[in-house]
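Walk through this model one region at a time. Begin with a single side chain, then move on to the cores and the confidence scores.

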Amino acid sequence: MESRPESPRPQGAPRWVAMFYRPAAGSWRTAAQSPHRSPVLYALGEMTRAVRARGDEVTVALWGPKNGAWHRFDTPLKQTAVSVPDPEPSPGEPAVLAERMTGRRHQVLMAGLTKAGLHDLSPEDDTAVQTLVERLDEAAVRRVAHWLTTAGGAR
């Protein structure tokens, strides 16, 4: 088992910082920073999905303020998610519209999950999201995303 490289502490006053490890360069890079946690977690989730979509492994560190000092927070990383194909359109529904609406429902749910602090999903999580996308209409998906966003803001 390969050990995870240690992330350096960011410079300056404590704030929320997401750092990514670049294996090719053997270095850490600041990927997102903000005085607020939510935007950094959102960026962390989006960047993690983008890196994994390219087939690369992700090593991240999340730093933030705790009692006025820097603190490294845990970022649970799971296995690379398996791509789940989009469902077939229902009879009588134009294929392009069905594909676009499925993609939109998926995007809304993923944004809600990210805002709730769930920035790295397992294959089981992806399957659950895909099941919701297939079975819920746009209004129901937006309501679930609203609940997730509200729950994420309660931290």
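Start at histidine 71. In this predicted model, histidine 71 is partly exposed, because its relative accessible area of 28% falls between the 20% limit for buried and the 50% limit for exposed. Histidine 71 sits in strand 4. Setting aside neighbours within four places in sequence, its contacts are Leu62, Trp63, Gly64 and Lys66. Proline 14 is 57 residues away along the chain, yet the two C-alpha atoms are 8.4 Å apart.

Now turn to the interior. The largest nonpolar core has twelve residues. Among them are Trp16, Phe20, Val51, Val58 and Leu62. Three elements each supply at least two of the core residues: strand 1 (16–22), helix 1 (37–53) and strand 3 (60–66). Helix 1 contributes the most, with five.

Alanine 18 shows how one member of this core is packed. Beyond residues up to four places away in sequence, alanine 18 touches Arg29, Thr30, Ala31, Ala32, Val40, Leu44 and Ala61. Of these contacts, Ala32, Val40 and Leu44 also belong to the core. There is also a second, separate core, made of ten residues. Val129, Val133, Val144 and Ala145 are included in it.

How far does confidence vary? The protein chain averages a pLDDT of 77, and 79% of the residues score at least 70. Among the elements, strand 4 (residues 69–73) has the highest mean, 93. Helix 2 (residues 95–115) has the lowest, 74. Over residues 77–90, pLDDT is below 50. In the model, that stretch still has 30 contacts beyond near neighbours in sequence.

Key. Residues are numbered from 1 along each chain as its sequence is written. This is a predicted model: local features need pLDDT of at least 70, side-chain atom pairs count only at pLDDT 80 or more; totals for chains, interfaces and linings use all residues. Side-chain values use heavy atoms; hydrogens and water are left out. pLDDT is the predictor's confidence in each residue, from 0 to 100. Helices (H or I, at least four residues) and strands (E, at least two) are DSSP runs, numbered from the N terminus. Contact means heavy atoms within 4.5 Å. A nonpolar core is a set of buried Ala, Val, Leu, Ile, Met, Phe, Trp, Tyr and Cys residues joined through side-chain atoms within 4.5 Å. Buried means under 20% relative accessible area, exposed over 50%, partly exposed in between (1.4 Å probe, protein chains only).
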